[in-house]
Amino acid sequence: MLPFPQKIAFLLFAAVTLTLGLWGFYRLYLRIRRGTRDPEPRLDHLPRRIFYALTTTLTQSRTFKKRPAIGLFHSFIFYGFVFYGLVNLVDALEGFVDLKINSANSMRGIYLILFVGETYHLLADILSFLVLLGVVALVIRRFALPSRTDFRFNPRTLLHKDVKQSRITRDSLIVSAFILFHVGSRAIGAGARIAAEGSLYHEPFATLLSHLFTPANAEAFRIFGYWGALGSVLAFLAYFPYTKHIHIFMAPVKYLVAREPTSGVLPPVALNLEAEDEVSPQIIGAAKLEDLAWPRLLDAYSCIQCNRCQDVCPATATGKSLSPAALEINKRMELNDLTSEKNFFSFATAPFEKNTPSPHPLLQFALSPEAAWACTTCGACMEVCPTQNEQMLDIIDIRRNQVMIEGEFPSQLQSAFRGMERAQNPWGINHEQRLAWADGLNVKTTDENPTPDVLYWVGCAASYDPQAQKTARAFVELLTHAEVNFAVLGKKECCTGDSARRAGNEYLYRQLADKNVSTLNTVKPKLIVASCPHCMNSIGHEYKQIGGDYKVLHHTEYLETLVAEKKLTATPSEATITYHDPCYLGRHNGVYEAPRNLLNILSNSTPELPRNHENSFCCGAGGAQFWKEEEEGDERISDNRFREAQQTLVPATGEKVLAVGCPFCKSMLGSTPSKAASEDIVIKDVAELLLEGVRRSKGLTNTPPPAPAPQATLEPAPVQVVTAPPAIEVSTAPPSPTPSADPPTPERKKWQPKSPAPTESDETSPVAASLPVQSPTPASAPSPERKKWQPKPTTPPPSQQISQETSQETSQEVSTQPSIPETPQPEPTTLAPEPTNTANIPTEPPAPERKKWQPKAAAPVPATPVPATEVSTPTPEEPPASSDTGPTRKKWVPKNPS
């Protein structure tokens with residue numbers, strides 16, 4: 001026991017430090033409370049949530065993910081601290097009460113007391129050693145292994161000033177020193193006690209330390225151990241709320257209020273854009289810290305600062321400025337700065353804690369505008385986070401505010417937004433061509449077959465992208481082989497709005513989603529099957545937020561059931577097939593085995609990519625990245641992933657196939673620069689491979705006739721300057737049965753935040769960029785000013801909208817003698833390199849295809865002009881439709897960091 005004066009001193013010291021510690025925790029509550037109300041329930045099903053929080057915390061299951069060895073050392077510290085709560089309480093009582101057990105304490109139940117005491121002291125002794133071992137190991141790893149990059153950031157990454165001033169390092173050193181001193185003092189005190197009194201308990205570590213003391217100095221070291229252990233932990237309580245190790249308390253709280261929807265489901269947003277309130281304007285998204293939902297302010301304090309999210313982020317891995325770890329760390333540093341106090345004992349709250357707005361926007365300290373648009377929404381950061389933080393949702397909220405309030409977003413997204421607004425697809429191709437992909441197939445719409453067993457959701461990609469059309473046609477043929485009663489919506493189907501929502505344009509998403517929900521609720525499908533994981537995710541999960549509850553499967557899942565029911569039988573090939581897990585199919589929706597089960601019956605050689613299943617690496621298309629150029633970095637995300645496939649397929653000797661289950665993955669991986677060096681690798685959808693297997697089993701040819709390209713009519717893009725509309729050749733003759741060369745991929749330019757007014761090429765859709773355009777004269781082509789995007793409060797039906805907006809321009813485009821004032825008519829050219837007559841000229845250009853990336857060629861050679869007698873309408877000069885000319889995807893060259 002302690003001497004009486006020391007007992008009084010200990011009680012006074014404990015009262016002061018506990019008061020300061022509780023005040024610090026109360027102020028943490030005030031900061032987290034500043035967040036907005038979360039639209040999702042966070043405390044429903046409380047018993048289940050409590051059970052989940054306890055089991056996840058005590059098992060440390062999420063900490064062991066990715067880094068099992070490091071997780072083991074971390075668990076030593078965690079379990080030691082948990083048990084040390086009891087140890088510190090018992091040790092404190094021993095300073096005031098004699099708790100020793102000896103023969104004089106003989107009573108009924110002495111053996112039970114001895115057993116409990118033996119177990120307690122044994123665990124305390126072992127955990128003391130393990131905590132010291134864990135701390136020393138982690139300190140060595142963090143500070144003595146310079147090769148480790150876990151705690152480093154990209155030079156492009158925006159970091160809070162406190163991070164730049166080594167606040168993390170200083171905090172880690174302070175906490176590590178505290179743990180070593182606290183646990184070490186307790187071990188010294190236990191060893192001194194054994195040296196002075198002996199021990200009735202089995203304490204191997206303390207017994208080893210007891211040899212350092214003599215009976216003469218043992219009592220002094222015992223008292224030192226008491227004050228060192230308990231005094232340090234009481235003093236640390238006052239500092240604890242300001243350290244990174246506050247996560248030991250905040251992580252269990254985060255488990256308690258964790259999101260139940262998958263990472264593929266974004267929180268709903270309440271929209272009322274028609275209400276104008278200058279006093280209390282509507283907040284959409286997040287501009288400042290307090291605009292984030294309160295669980296995401298809790299994220300800042302539950303963050304372990306382990307940087308695991310940064311390790312798996314595609315943007316970080318390819319040298320871009322985005323770091324999900326830096327985002328959370330910057331938020332915590334800013335919160336601490338906003339609430340710092342000069343006088344530690346003033347017990348006064350900071351202005352931010354009293355509902356005063358924070359002074360700095362998120363894009364000023366949390367992450368840069370460039371980083372906000374580098375996210376692919378793959379969800380890897382949320383999946384790997386030990387404390388289930390929601391970094392991706394922060395970025396989506398920032399995008400929402402930038403798009404819908406500030407009107408600041410990459411200019412290349414304007415084309416996709418316009419296409420979804422006017423033509424109900426991000427390509428901007430006329431909605432009337434929605435069913436052109438099915439030409440030559442026996443595909444019925446719901447008007448022709450009102451009660452199908454399966455409603456096939458085709459999606460925009462399969463409707464307009466020739467590469468994705470191969471998947472749709474293969475899937476339809478498989479349904480026909482299996483004699484499935486199916487139908488499609490045809491022209492009733494429109495874009496699900498996935499890209500708009502991930503880009504922050506919630507209003508546009510709701511316009512499209514509400515239309516689809518209304519259509520589907522009328523059709524009442526028994527089962528929806530989608531070949532696009534993005535469509536599957538939106539319809540199956542996010543539409544539930546607006547009244548659409550449907551059973552939705554990915555086409556690989558449904559094909560797996562058809563194979564299992566023997567409705568489809570496939571013969572394997574000799575090809576070596578490796579599979580790329582799409583983020584929106586795998587990580588967001590948990591579909592991993594269905595495509596693999598199909599591939600296993602199609603080939604005897606199906607090696608896995610090193611990063612697979614939930615650890616899969618993104619192709620780079622998600623989060624609306626498909627519609628814009630990537631941000632500055634060291635390489636393309638698609639290049640990083642494709643090289644992994646190259647290395648996996650190197651040992652293969654026969655046909656090499658990279659299988660995918662998403663049209664955007666197919667396009668990104670097929671057009672990435674490194675693909676040019678691996679022409680022997682073929683990229684195919686699982687449905688295409690299965691169809692080949694089914695045809696082999698039936699003795700059919702595996703070279704089906706090419707799908708006719710849809711005759712796409714482009715939606716005219718609105719412009720701010722008056723320019724002459726380009727004339728388009730029109731012929732009454734039917735299109736040639738031989739498909740024309742695929743149009744070149746539009747050039748994707750690098751986005752610069754708050755750039756000057758975009759050029760005309762930026763304002764046109766990707767498809768329009770691939771068509772011949774009349775070059776305006778300098779006098780008539782001033783740079784159009786980029787306008788702030790404003791959603792239309794009332795939107796007419798799509799058919800009316802299209803007809804109203806395009807009637808005048810369409811009439812001008814198809815006019816045989818277009819009137820272009822003060823502009824000389826160029827020599828007429830043809831759409832094909834060597835047409836023989838006007839009958840072979842298609843009426844309208846085919847749908848665009850994202851072609852294989854090639855370095856930008858020299859100036860294109862103009863096509864040989866056709867005599868005026870062979871064409872009915874003069875058109876502006878345009879390059880030949882050859883795969884070697886025309887605009888190509890510009891070669892991307894990383895810039896050295898400044």
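Colleague: Which strand does E7 join in a parallel run, and over how many bridges?

Modeller: Happy to start there, with the reminder that this is a predicted model. E7 runs parallel to strand E8 (residues 681–685), and five bridges join the two. Within that pairing, Ala-659 stands opposite Lys-684 in E8. E7 also pairs with strand E5 (residues 573–579), again in the parallel sense, over four bridges. There, Thr-578 is the residue that stands opposite Leu-658 in E7.

Colleague: How should I read the side chains of a strand like that?

Modeller: The general idea is that side chains in a regular strand alternate between the two faces of the sheet. In this case, Lys-656, Leu-658 and Val-660 point one way from E7, while Val-657 and Ala-659 point the other way.

Colleague: And is E7 enclosed or open to the outside?

Modeller: Strand E7 (residues 656–660) is largely enclosed by the rest of the structure, because five of its five residues are buried. The residues pointing either way are all buried, Lys-656 included.

Colleague: Let's turn to the rings. What describes a pair of aromatic rings?

Modeller: Two quantities do: the distance of the centres and the angle of the planes. Here the count comes to 25 aromatic pairs. One of them joins Phe-10 and Phe-96, with 6.1 Å centre to centre and 55 degrees between the planes, which makes a tilted pair. This pair links distant parts of the chain: Phe-10 belongs to helix H1 (residues 4–33) and Phe-96 to the loop between H3 and H4, 86 residues apart. Phe-10 is buried, at a relative accessible area of 6%, whereas Phe-96 counts as partly exposed at 25%.

Colleague: Why is the pair of Phe-181 and Phe-224 called edge-to-face?

Modeller: Because the planes of Phe-181 and Phe-224 stand at 90 degrees, with the ring centres 6.3 Å apart. Phe-181 sits in helix H6 and Phe-224 in helix H8 (residues 218–239), so to speak of sequence, 43 residues apart. Both rings are partly exposed: Phe-181 has 41% relative accessibility, and Phe-224 has 39%.

Colleague: Which residues do ring pairs link into a cluster?

Modeller: The cluster consists of Phe-25, Phe-178, Phe-236, Tyr-239, Phe-240 and Phe-249.

Colleague: Where does a charged end sit over a ring?

Modeller: Look at Arg-611, whose charged end sits over the ring of Phe-617, 4.0 Å from the centre. In another case, Arg-34 lies over the face of Phe-352, at 4.7 Å from the ring centre.

Colleague: Now the internal space. How many cavities of 30 Å³ or more does the structure hold?

Modeller: There are nine. The largest has a volume of about 640 Å³. Its lining takes in 35 residues, with His-74, Leu-138, His-245, His-247 and Ile-304 nearest the centre. By character, the lining of this largest cavity divides into 20 nonpolar, ten polar and five charged residues. Helices H3 (68–94), H4 (110–143), H6 (167–197) and H9 (247–256) each supply at least two of the lining residues, and H4 gives the most, with six.

Colleague: What is the volume of the second largest cavity, and which residues lie nearest its centre?

Modeller: The second largest cavity holds about 180 Å³ of space. Of its 21 lining residues, Asp-498, Ser-499, Cys-532, His-534 and Phe-664 lie nearest the centre. Helix H19 (459–464), helix H21 (498–502) and helix H23 (533–540) are the elements that give two or more residues to this lining. H19 gives the most, with three. The lining of the second largest cavity divides into 13 nonpolar, six polar and two charged residues.

Terms used. Residues are numbered from 1 along each chain as its sequence is written. This is a predicted model: local features need pLDDT of at least 70, side-chain atom pairs count only at pLDDT 80 or more; totals for chains, interfaces and linings use all residues. Side-chain values use heavy atoms; hydrogens and water are left out. On a 1 Å grid over the protein atoms alone, a cavity is a set of points where a 1.4 Å probe fits but cannot get out, and a pocket is an open set with protein on both sides within 12 Å along at least five of seven lines; lining residues have an atom within 4 Å of a point. Grid points are joined across faces, edges and corners, and a volume is the space filled by probe spheres set on the points. Ala, Val, Leu, Ile, Met, Phe, Trp, Tyr, Cys and Pro count as nonpolar, Asp, Glu, Lys and Arg as charged, and the others, Gly among them, as polar. Rings of Phe, Tyr and Trp (its six-membered ring) pair if their centres lie within 6.5 Å; planes under 30 degrees apart count as stacked, over 60 as edge-to-face and the rest as tilted. Buried means under 20% relative accessible area, exposed over 50%, partly exposed in between (1.4 Å probe, protein chains only). A charge sits over a ring if NZ of Lys or CZ of Arg is within 6 Å of the ring centre and within 35 degrees of the ring normal. Two strands pair if DSSP finds at least two bridges between them.
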